[in-house]
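Thanks for sharing this one with me. Here are my notes, in numbered points, for you to read with the coordinates open.

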Amino acid sequence: MQTQTEAGWRLDLFLLPLIVFLGFCAGLSEAALSPDPAMAIQGWTFAACMAFIGCWYLWMYSSRQPADERGPYTDGVIKAGVVAAVFWGIAGMLVGLIIALQLCFPHIFYVPDWAWSSFGRLRPLHTSAVIFAFGGNVLIATSFYVVQRTCKARLWGGSLPWFVFWGYNTFIILAGTGYLLGITQAREYAEPEWYADIWLTIVWVSYLLTFLGAIWKRKEPHIYVANWFYLAFIVTIAILHIVNNLAMPVSLLDSKSYSLFSGVQDALIQWWYGHNAVGFFLTAGFLGIVYYFIPKRAERPVYSYRLSIIHFWSLIFIYIWAGPHHLLYTALPEWVQTLGMTFSIILWMPSWGGMINGLMTLSGAWDKLRTDPVLRMMIVSLAFYGMATFEGPAMSIKTVNALSHYTNWTIGHVHSGALGWVGYVSFGALYCLGPWLWKKKLYSNALVEWHFWISTLGIVLYITSMWVAGIMQGLMWRAYNDFGFLEYSFVEVVQAMHPYYIIRAIGGALYLAGALIMAYNLWRTARDGEPVPAALPHPVSNILAGEAA
């Protein structure tokens, strides 16, 4: 009787559709009144997304309590997150391959009459798709899964998790179509304009509320460390997003806005955001995956739970200070540059502490690496995490940075972390979630083996070609002849990069091929996989948080 009463009146089924309706009206207003053609298209796009979400709410919640809300956990939204992550991952990698080929063969892959196909518009589309669309959906899906299992509580807010999912993917569509239309703030990792930023703020606050609500009503007294990392990621990204995107729009009907900051202060705020977007979106959030999925997959407790707590607090304190290393040899005050370099070097220690903790979790279970390619993929991701977090501090040293900055070495460094660390730990989590959510055995371990080896070859080709190209590029830029003039022109340096760009494109194609294999494997798992009985939940304290040493 109490359940029927609660289902009869629910605040979320009033407030959330109201927000969607207001968003639909705002989109129509922009489409009808904006003198900016690009902004009008964005208005129609947003209105269409709001109309879709509204229809979905009517269909899904016509009975007030759909089947997804009758079980112990809210898993339907996690399934949707898995599907979205796979889709956006393939789309983002495909765009990355296209722009890599544009750099190799611009006379073939560049169409002057199609402005939307230019490198300048596709490049932010690629970075946002792989980071925020693919990575963001992986983080939302895994955090929703982990917080429910480790807290033994449903997500808070009724239909709020679904609003987070649809709202976040609406932001992705709005941002991506904006890039193709030429709408951008020209701020690295923060290109969407003011209207998209406002919508993301609403969605992100909803994400924080549903995650915190699950922790608040938990039945497990202990808050497992993976939730600490997820929470740090959610809260810090919110702060970074708001501060970095403080701007004044030209008008409410125009897509253009101007930053609240200017000059070197604007650059410092941008790279405080940019570096910590990497630190908390692409590191802290995915470490939450490491601390749950590796112990579960290996069926071993975390090697040292004490070390995981030290790892957490040292990482979040040190990371936030390292942003100025992106602005060495600029107008930024010297002491700020030195501060950023110093904290970047110190950051190496907690990063490797977390890597060692994850690797040592396999103590007594190393034989599983021979038979379980999913676990092997996640362990290799930790190896790439260790490599990237050693290379990053090294590149922040001023003398090294003088050679590496603005070169392809930085591209190699970023992609060793993106493809090896973020990509592999995400793939491992998706390979785990597919069978767990659909309650079926993974369709083919052999296909996972193919995915692993093909994509590993792709990563090696990609990062080694960029390392060699970048170091050669830096040396050519600062080579002088006997008369004190530059030895090489800019065109000669670009020409020297050509074979390495081709190798990079081949590596990217192999990595994309691996992702396509994963998509097929997960699709066959959901459709044709052999059903397995649901496993009984294990107490957090003795399966995940127990000390192995």
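1. Let me start with Trp162, which counts as buried because its relative accessible area is 7%, under the 20% cut-off. Please keep in mind that this is a predicted model. Trp56 is buried as well, at 10% relative accessibility.

2. These two residues belong together. By the rule used here, the count comes to 49 aromatic pairs. Trp56 and Trp162 form one that is tilted, with 4.8 Å from centre to centre and 45° between the planes. The pair links distant parts of the chain, as Trp56 sits in helix H3 (residues 37–60) and Trp162 in helix H7 (residues 160–181), 106 residues apart.

3. Another pair you may like to look at is Trp348 with Phe390, which is edge-to-face: the centres are 6.0 Å apart and the planes make an angle of 65°. Trp348 is in helix H13 (residues 348–360) and Phe390 in helix H15 (residues 373–396), so this pair ties together parts that lie 42 residues apart in sequence. Is Trp348 buried or exposed? Neither label fits, because its relative accessible area is 33% and Trp348 is therefore partly exposed. Phe390 is partly exposed too, at 45%.

4. Still on rings, one aromatic cluster is formed by Phe132, Phe144, Tyr168, Phe171, Trp204, Tyr207, Phe233 and Phe281. It would be a good set to highlight together in your viewer.

5. There are also charges over rings. The charged end of Arg149 sits over the ring of Tyr145, at 4.0 Å from the ring centre. For Arg376, the charged end sits over the ring of Phe452, and here the distance to the centre is 5.3 Å.

6. Next, backbone angles. Most residues other than glycine have a negative phi. Which residue in the loop between helix H10 (263–298) and helix H11 (305–319) has a positive phi? Glu299 does, with a value of about 55°, and at 64% relative accessibility Glu299 counts as exposed. Tyr329, also not a glycine, has a positive phi near 60°. Tyr329 lies in the loop between H11 and helix H12 (334–346) and is exposed, with a relative accessible area of 54%.

7. Finally, the surface. Leu11, Phe14, Leu15, Leu18, Phe21 and Leu22 make a nonpolar surface patch of about 570 Å². Of these residues, Leu11 is found in the loop between helix H1 (2–8) and helix H2 (12–33).

Terms used. Residues are numbered from 1 along each chain as its sequence is written. This is a predicted model: local features need pLDDT of at least 70, side-chain atom pairs count only at pLDDT 80 or more; totals for chains, interfaces and linings use all residues. Side-chain values use heavy atoms; hydrogens and water are left out. Patches are made of residues with over 30% relative accessible area and no salt bridge: like charges are joined within 9 Å, nonpolar side chains (Val, Leu, Ile, Met, Phe, Trp, Tyr) within 5 Å. Accessible areas come from the Shrake-Rupley method with a 1.4 Å probe; for residues, only the protein chains shown count as cover. A salt bridge is a side-chain nitrogen of Lys or Arg within 4 Å of a carboxyl oxygen of Asp or Glu. Helices (H or I, at least four residues) and strands (E, at least two) are DSSP runs, numbered from the N terminus. Rings of Phe, Tyr and Trp (its six-membered ring) pair if their centres lie within 6.5 Å; planes under 30 degrees apart count as stacked, over 60 as edge-to-face and the rest as tilted. Buried means under 20% relative accessible area, exposed over 50%, partly exposed in between (1.4 Å probe, protein chains only). A charge sits over a ring if NZ of Lys or CZ of Arg is within 6 Å of the ring centre and within 35 degrees of the ring normal.
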